[in-house]
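Please open the model in your viewer and keep the selection panel at hand for the stops that follow.

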Amino acid sequence: MAQLLHRGLLAEGYIYPKEDRAVRDLLRRRSRLVQQHTANLLAIQNLFARDRGRSLNANEVKRLTPETVPRLLPDPNQALAVQATLLPMRGLEAAIDLLGREALAQVRLRPAYRHLLSVSGIGQVLGLTIMLETGPIERFAAAGHYASYCRCVGSERLSNGKRKGRGNTKNGNKYLAWAYVEAANFAVRYNAIINRYYQRKRAKSNGVIATKTVAHKLARACYHILREGTDFDVAKAFA
């Protein structure tokens with residue numbers, strides 16, 4: 001191993017700076033709470049869809065209160081199930097807000113990472129998550145390496161157009177993968193150019209693959225933004 005290291009043939013791991021680990025772990029905890037909150041929200045939507053034949057959208061679910069649920073669901077057991085799900089949801093919302101505010105108060109985007117805020121779908125919390133999980137962008141030799149680390153690249157082995165196997169899809173950073181998928185969902189919602197790109201991809205495949213494709217584009221764009229110190233150009237990224 002010493003000989004391989006001396007010849008530059010042994011890959012070295014990145015040791016994260018100790019002073020930033022606590023804040024990074026704070027944002028990791030926040031991302032887990034966001035996923036739990038989403039799971040509870042989807043459970044309520046599914047219950048309404050089964051009982052009423054029409055699901056509530058996310059904003060309607062967030063406006064629900066224990067007092068209004070019995071008027072929407074006459075069955076007392078179903079109403080109780082929704083009320084019991086609303087209780088942890090409210091607690092998760094408070095915890096998510098608290099962790100986000102604490103992280104923003106303790107750390108600021110470094111100069112090289114301030115350009116991330118120009119990317120469609122990336123706000124302060126996602127920008128901090130990407131900054132703390134990425135570390136020095138110089139440790140990635142190319143945009144493809146960074147996109148692979150963010151789990152935004154497929155891992156299929158093809159021969160003559162036929163699938164012959166899959167690689168390890170768990171390699172990379174799952175928190176960066178989550179951050180870029182979150183950014184992709186916001187970008188599709190609020191950026192017309194990215195939405196048109198998403199719709200073209202969705203017509204050829206499905207919504208999950210189309211969202212992952214947008215996340216891949218954003219990851220590659222962020223790599224170049226961080227390397228070159230420029231703002232986001234949607235025309236270049238989604239031409």
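Begin by selecting Phe140, Tyr146, Tyr149, Tyr180 and Tyr223 in this predicted model, since this is where ring pairs link the five named side chains into a cluster. The structure holds five aromatic pairs, and one of them is formed by Phe140 and Tyr146, whose rings meet edge-to-face, 5.1 Å centre to centre and with 70° between the planes. If you colour by accessibility, Phe140 comes out as buried, with a relative accessible area of 7%, and Tyr146 is likewise buried, with a relative accessible area of 0%.

Next, select Tyr197 and Phe238, which form an aromatic pair that is also edge-to-face, with 5.2 Å centre to centre and 75° between the planes. This pair links distant parts of the chain, for Tyr197 sits in helix α9 while Phe238 belongs to the segment after α11 (234-237), and the two are 41 residues apart. Are these two rings buried or exposed? Tyr197 counts as buried because its relative accessibility is 9%, which lies under the 20% cut-off, and Phe238 counts as buried at 5%.

Finally, stay with helix α9, which spans residues 192-204, and turn to the charged side chains by selecting Arg196, Arg200, Lys201 and Lys204, which form a positive surface patch. Lys204 has its place in helix α9 and is exposed, with a relative accessible area of 74%, whereas Tyr197 is buried.

Terms used. Residues numbered from 1 in each chain as written. Predicted model: local features only at pLDDT ≥ 70, side-chain atom pairs only at ≥ 80, totals over all residues. Heavy atoms only, no water. Patch = residues over 30% accessible without salt bridge, like charges linked within 9 Å, V, L, I, M, F, W, Y side chains within 5 Å. Areas by Shrake-Rupley, 256 points an atom, 1.4 Å probe, with all protein chains shown as cover. Salt bridge = Lys/Arg side-chain N within 4 Å of Asp/Glu carboxyl O. Lys, Arg positive; Asp, Glu negative; His and termini not counted. Charge placed at Lys NZ, Arg CZ, Asp CG, Glu CD. Helix = DSSP H or I, 4+ residues; strand = E, 2+ residues; numbered from the N terminus. Buried < 20%, exposed > 50% of the residue type's maximum accessible area, 1.4 Å probe, protein only. Phe/Tyr/Trp six-rings, centres within 6.5 Å; stacked < 30°, edge-to-face > 60°.
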